[in-house]
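Please walk through this model with me, from its secondary structure to its surface. The structure is shown first, and the explanation follows.

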Amino acid sequence: MIIWRKLWRLNAERGLPAFDVSPLQGQFLTLMAQISGARRVLEIGTLGGYSTQ
């Protein structure tokens, strides 16, 4: 199973709100981190943890 599908299912089972980062948004965030040359990223409020994967 694709990891984000599993995370979405687990989040729903745990009653977490659907504020997940979409796959497209995740790709954009990755691109922005790569373009900026970031070696580390601090994410505040990860909720179910999708974008930290």
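Helix 2 covers residues 23-36, which makes 14 residues. At 1.5 Å a residue a helix of that length should span 20 Å, and because its end C-alpha atoms lie 20 Å apart, the expected and computed spans agree. The model is a predicted one. After helix 2 comes Gly-37, and the phi of Gly-37 is positive, near 80°. In total the chain contains two helices and zero strands.

The other helix, helix 1, runs over residues 3-13. Within helix 1 sits Trp-4. The relative accessible area of Trp-4 is 21%, and since a residue counts as buried only under 20%, Trp-4 is classed as partly exposed. Trp-4 also has a partner for comparison further along the chain: Ser-22 is 18 residues away in sequence, while the C-alpha atoms of Trp-4 and Ser-22 are 8.8 Å apart in space.

Helix 1 also carries a charged pair. Which side chains meet in a salt bridge? They are those of Arg-9 and Glu-13, with an N to O distance of 2.9 Å, which falls within the 4 Å limit for such a contact. The two residues are four apart in helix 1, so about one helical turn separates Arg-9 from Glu-13. Their exposure is classed as follows: Arg-9 has a relative accessible area of 36% and is partly exposed, whereas Glu-13, at 54%, counts as exposed. The count of salt bridges comes to one.

Turning to helix 2 again, what forms a nonpolar patch on the surface? Phe-28, Leu-29, Leu-31, Met-32 and Ile-35 do, and together they have about 510 Å² of accessible area. One of these residues, Leu-31, is placed in helix 2. Leu-31 has a relative accessible area of 42% and is therefore partly exposed; this value also lies over the 30% that a patch residue needs.

The last step is the chain as a whole. Of its 53 residues, 13% are buried. The chain exposes about 4,500 Å², and 59% of that area is supplied by carbon and sulfur atoms.

Terms used: Residues are numbered from 1 along each chain as its sequence is written. This is a predicted model: local features need pLDDT of at least 70, side-chain atom pairs count only at pLDDT 80 or more; totals for chains, interfaces and linings use all residues. Side-chain values use heavy atoms; hydrogens and water are left out. The expected span of a helix is 1.5 Å times one less than its number of residues. Buried means under 20% relative accessible area, exposed over 50%, partly exposed in between (1.4 Å probe, protein chains only). Accessible areas come from the Shrake-Rupley method with a 1.4 Å probe; for residues, only the protein chains shown count as cover. Patches are made of residues with over 30% relative accessible area and no salt bridge: like charges are joined within 9 Å, nonpolar side chains (Val, Leu, Ile, Met, Phe, Trp, Tyr) within 5 Å.
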